[in-house]
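Okay, thanks for making time this morning. I'd like to walk you through a structure that may be new to you, so have it up on your screen while I talk.

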Amino acid sequence: MRAIVYFHYGPPEVLQLAELPKPVAKEDEVLIRVHAVEATKADCEMRAFKFAVRWIWLPMRLALGIRRPRKPVLGGYFSGVVESVGARVSRFKPGDTLFGSAGMRFGAYCDYICLPQHATLAPKPDTLDFEQAAAVPLGALNALHFLRKANIQPGERVLINGAGGSIGTFAVQIARSMGAEVHAVDSPLKAGMLHALGVSRFFDYTKEDFTQNPQKYDVIFNMVARYPYGKAIAALKPGGRYLMGNPPLLSMLRAMLTPLFSDKNAYFAFAGETEEELLTLKRMIEAGQMTPVMDGVFPPEDAAEAHRRVENEERLGAVVIRMGD
Ligand SMILES: NC(=O)c1ccc[n+]([C@@H]2O[C@H](COP(=O)([O-])OP(=O)(O)OC[C@H]3O[C@@H](n4cnc5c(N)ncnc54)[C@H](OP(=O)(O)O)[C@@H]3O)[C@@H](O)[C@H]2O)c1
């Protein structure tokens with residue numbers, strides 16, 4: 001089978017198209033023919049071994065491989081069709097269309113992937129094609145996980161910092177579906193797209209600091225690694241909640257102290273990515289409450305180009321690699 005592999009950490013050119021043996025499903029696994037896979041910011045960070053927060057370096061090096069990547073195939077978020085199932089699989093059957101997450105197993109940048117039947121998998125939304133479906137799980141699972149923690153009430157004001165990225169574009173739509181008024185911060189390139197998603201106020205981070213705005217927020221969801229913690233907390237209303245997708249170590253320590261010394265709360269996590277969340281997203285998409293924003297679809301031989309597109313920060317929406325015909 002075809003697979004996009006990398007044997008060294010480095011620039012996009014380390015990605016190559018290669019032939020690997022087709023996997024065989026074990027008793028409790030499903031073999032999935034991958035049709036499309038998102039090229040994510042996290043894939044690029046792992047390929048280059050460059051992360052926005054420094055504390056992550058050691059745990060990631062131990063997890064991914066000290067001298068070179070232990071698993072040569074990246075890719076966590078995909079859509080496809082069940083090709084065969086192991087003897088003990090009851091959840092899926094050959095021919096089922098799926099979307100989901102391979103999580104830290106990676107391995108979706110290829111024609112076939114084997115996953116346990118209880119991995120984060122769900123039937124593909126009927127209203128999306130395979131490329132669109134592959135663009136959902138990373139951004140939408142993370143956005144839903146964090147925004148649920150904030151227990152957003154209708155009419156609350158929510159600010160999303162880094163709203164134009166994979167997670168942010170879904171966070172805008174999910175917060176709106178929860179009844180919030182949504183403000184967004186990102187580069188000016190993303191302004192039109194974010195207004196089209198329903199943002200009522202846009203801040204260009206190259207010119208404006210949203211914390212200088214006199215309006216305070218019930219919830220701030222921050223995707224930007226080094227955003228000053230104190231500034232974000234000061235921009236919250238009493239009872240406000242601060243959600244951090246990508247926190248430095250010091251911000252994590254301060255987050256534990258914030259509820260002890262103020263009436264505000266702060267939350268950080270690695271989002272769990274559950275089947276229940278994926279099924280909720282499928283329902284929301286089919287009900288027309290949100291849709292993936294697509295930047296471009298690349299063939300597997302142009303995987304390096306797809307990573308460049310993600311890294312040059314000019315994309316408007318998801319970059320997807322099409323593995324299927
Ligand atoms: N906690 C978790 O479980 C979890 C899970 C997945 C990912 N993450 C992390 O979360 C982060 C966001 O993920 P993503 O996939 O959404 O990334 P992404 O697609 O790259 O989106 C980040 C967005 O933030 C914008 N941005 C950059 N600097 C900014 C600033 N100073 N102020 C406001 N906006 C700014 C970027 O715009 P530009 O074009 O200007 O750069 C981009 O639109 C990543 O670092 C990722 O590793 C965390």
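Before anything else, one term: a polar contact is a pair of N or O atoms within 3.5 Å. And please keep in mind that what you're looking at is a predicted model.

So let's use that term on the ligand. Which residue puts a side-chain N or O atom 2.5 Å from an oxygen atom of the ligand? That's Arg315, and with the cut-off at 3.5 Å, the pair counts as a polar contact. Glu45 has a pair as well: an N or O atom in the side chain of Glu45 is 3.0 Å from an oxygen atom of the ligand. Then there's Ala269, where the backbone does the job: a polar backbone atom of Ala269 sits 2.8 Å from a nitrogen atom of the ligand. How much of the ligand does the protein cover? Taken alone, the ligand exposes 930 Å², and the protein buries 85% of that.

Now zoom out to the whole shell. How many residues surround the ligand? There are 25, and the closest are Asp186, Lys190, Tyr205, Asn246 and Arg315. So Arg315, the one with the 2.5 Å pair, is in that closest group too. If you sort the shell by residue type, you get ten nonpolar, nine polar and six charged.

Where do these residues come from? Helix 1, which is 41-48, gives at least two, and so do helix 4 (137-149), helix 5 (166-177) and strand 9 (181-186). Helix 4 has the largest share, with three residues. And if you think in domains, the shell takes at least three residues from domain 1, which covers 2-136 + 293-322, and at least three from domain 2, which is 138-268.

Okay, leaving the ligand, let's go to the core. The largest nonpolar core has 49 residues. The ones with the most contacts inside that core are Ile32, Val37, Phe78, Tyr109, Leu115, Leu121 and Ile321. Several elements supply at least two residues each, among them strand 1 (2-5), helix 2 (57-64), strand 4 (77-85) and strand 15 (318-322). Helix 1 is on that list as well, and you'll remember helix 1 from the ligand shell. Which strand gives this core its largest share? Strand 3, with five residues.

Val37 is worth a stop here. Val37 lies in strand 3. Is Val37 buried or exposed? Val37 counts as buried because its relative accessibility is 0%. Now look for Ile321, another name from that list of most contacts. Val37 and Ile321 are 284 residues apart along the chain, yet their C-alpha atoms are separated by 5.3 Å.

There are other pairs like that to click on. Tyr112 is in strand 6, and Tyr112 counts as buried because its relative accessibility is 14%. From Tyr112 to Val82 you go 30 residues in sequence, and 9.5 Å in space, C-alpha to C-alpha. Pro292 is in the loop between helix 9 (275-286) and strand 14 (294-298), and at 7% relative accessibility Pro292 is buried as well. Its partner here is Ala140, 152 residues apart in sequence and 8.7 Å apart in space, again C-alpha to C-alpha.

Next, a loop residue with a polar side chain contact. Gln117 is in the loop between strand 6 and strand 7 (120-123). Gln117 counts as buried because its relative accessible area is 4%. What does the side chain of Gln117 reach? The backbone nitrogen of Ser90, at 3.1 Å.

Last stop: backbone angles. Most residues other than glycine have a negative phi. With that in mind, have a look at Phe106, where phi is near 50 degrees, a positive value. Phe106 lies in the loop between strand 5 (97-101) and strand 6, and is buried at 9% relative accessibility. Glu313 isn't a glycine either, and has a positive phi of about 60 degrees. You'll find Glu313 in the loop between helix 10 and strand 15. Is Glu313 buried or partly exposed? Partly exposed, because its relative accessibility is 38%.

That's my tour, so go ahead and spin the model around.

Note on methods
Residues are numbered from 1 along each chain as its sequence is written. This is a predicted model: local features need pLDDT of at least 70, side-chain atom pairs count only at pLDDT 80 or more; totals for chains, interfaces and linings use all residues. Side-chain values use heavy atoms; hydrogens and water are left out. A residue is near a molecule or strand if one of its heavy atoms lies within 4 Å of it. A polar contact is a pair of N or O atoms within 3.5 Å; within protein, one must be able to donate a hydrogen and the other to accept it, and residues adjacent in sequence count only if both atoms are side-chain atoms. Accessible areas come from the Shrake-Rupley method with a 1.4 Å probe; for residues, only the protein chains shown count as cover. Helices (H or I, at least four residues) and strands (E, at least two) are DSSP runs, numbered from the N terminus. Ala, Val, Leu, Ile, Met, Phe, Trp, Tyr, Cys and Pro count as nonpolar, Asp, Glu, Lys and Arg as charged, and the others, Gly among them, as polar. Domain bounds come from an automatic or database domain assignment. A nonpolar core is a set of buried Ala, Val, Leu, Ile, Met, Phe, Trp, Tyr and Cys residues joined through side-chain atoms within 4.5 Å. Buried means under 20% relative accessible area, exposed over 50%, partly exposed in between (1.4 Å probe, protein chains only).
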